[in-house]
Amino acid sequence: MSSLPPQFFALDADTVARGLLGATLLFQGVGGVIVETESYDTADPASHSHKGRTSRNASMFGVVATAYVYRSYGIHWCLNLVCGTQPGGAVLIRALHPTHGLDVMATRRGLDTERLLCGGPGRLTQALGISIEHDGLPLDAEPFQLIAGAAPAIVVVGPRIGITKNAAALRRFGIAGSRWLSRGFGREVSTQSVPRYNEGH
DNA sequence: CCCGAGATTGACT
DNA sequence: GTCAATCTCGGGA
């Protein structure tokens with residue numbers, strides 16, 4: 001069981017978003033395998049960081065390998081991992097394959113069907129108990145734990161969900177065939193494999 | 001100051 | 001398929 005090296009998060013957001021697929025994300029021991037991500041950076045009009053720093057997105061401009069947690073639609077929390085070659089980059093964690101603490105997640109989620117425990121950015125923060133209190137925390141220390149895992153054989157790529165600016169950019173990444181994705185990917189399939197940070201345990 | 005848009009979700013027709 | 005819930009931000013009055 002190996003942690004993701006800190007320098008991994010200094011790579012560009014697209015590479016990090018791909019490379020996180022297959023890794024295990026735990027929060028206080030609860031979580032699962034990352035199966036879906038999206039990448040953002042300051043050059044991207046869809047990114048919260050595009051128009052500069054505000055009180056909400058401040059942690060996006062902090063050091064890499066920390067969490068950026070923001071409130072979505074006034075109701076939900078969304079978890080990003082800060083990364084990039086320049087300040088202002090992040091990867092949104094959109095879905096997990098739940099493997100640790102399923103009972104805790106089910107309680108927090110209100111006895112949902114298993115597939116909806118962690119499938120969706122708002123759902124997974126609720127299942128793991130992540131909120132604004134955890135904004136800015138480092139990812140290599142409790143309560144977070146990030147463990148490298150087996151690289152997926154095939155990564156699917158497509159447009160990001162729920163955005164209108166720069167909507168055509170192919171910056172959503174998923175493990176092909178996973179039943180834990182928040183939504184399907186249509187036909188845009190990439191056979192590119194991920195970089196080397198996901199060697200098997 | 002007011003108001004619309006937004007990296008969402010769940011309830012409902 | 002439609003729609004409301006309810007924070008944060010930014011643009012216009």
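Student: What makes a residue count as being around DNA strand B in this model?

Tutor: One of its heavy atoms has to lie within 4 Å of the strand. In this predicted model, 20 residues are around DNA strand B, and Tyr70, Asn80, Gly122, Arg123 and Thr164 come nearest.

Student: Which elements give two or more residues to that surface, and which gives the largest share?

Tutor: Let's start with a contact. A backbone N or O atom of glycine 122 lies 2.8 Å from a phosphate oxygen of DNA strand B. The elements that give two or more residues to the surface near DNA strand B are β3 (67-72), β4 (76-83), β5 (89-100) and α3 (121-128). The largest share, 3 residues, comes from α3.

Student: Why is the glycine 122 pair called a polar contact?

Tutor: The cut-off for a pair of N or O atoms is 3.5 Å. The glycine 122 pair is at 2.8 Å, so it is a polar contact. Proline 121 has a polar backbone atom 3.1 Å from a phosphate oxygen of DNA strand B, so that pair passes too.

Student: What part of DNA strand B does histidine 48 meet?

Tutor: A base nitrogen, 3.2 Å from an N or O atom in the side chain of histidine 48. That is within 3.5 Å, so we call this one a polar contact as well.

Student: What share of the strand B atoms within 4 Å of the protein belongs to sugar or phosphate?

Tutor: It's 57%, and the rest belong to bases. For DNA strand C, sugar or phosphate takes 62% of such atoms, again with the rest in bases.

Student: Which residues surround DNA strand C?

Tutor: Lys51, Thr54, Ser55, Arg56, Arg71, Tyr73, Gly74 and Ile75. They divide into 2 nonpolar, 3 polar and 3 charged.

Student: What makes the pairs of serine 55, arginine 56 and tyrosine 73 with strand C polar contacts?

Tutor: Check each against 3.5 Å. An N or O atom in the side chain of serine 55 is 3.0 Å from a phosphate oxygen. For arginine 56, a backbone N or O atom lies 2.6 Å from a phosphate oxygen. Tyrosine 73 puts a polar backbone atom 2.7 Å from a base oxygen. Each is within the cut-off, so each one qualifies.

Student: How confident is the predictor in chain A?

Tutor: Its pLDDT averages 93, and 93% of the residues score at least 70. Over residues 196-201, though, the pLDDT is below 50. Where pLDDT is low, don't read the predicted coordinates in detail.

How values were computed: Residues are numbered from 1 along each chain as its sequence is written. Chains are lettered from A and ligands numbered from 1 in the order in which they are written. This is a predicted model: local features need pLDDT of at least 70, side-chain atom pairs count only at pLDDT 80 or more; totals for chains, interfaces and linings use all residues. Side-chain values use heavy atoms; hydrogens and water are left out. A polar contact is a pair of N or O atoms within 3.5 Å; within protein, one must be able to donate a hydrogen and the other to accept it, and residues adjacent in sequence count only if both atoms are side-chain atoms. Helices (H or I, at least four residues) and strands (E, at least two) are DSSP runs, numbered from the N terminus. pLDDT is the predictor's confidence in each residue, from 0 to 100. Contact means heavy atoms within 4.5 Å. Ala, Val, Leu, Ile, Met, Phe, Trp, Tyr, Cys and Pro count as nonpolar, Asp, Glu, Lys and Arg as charged, and the others, Gly among them, as polar.
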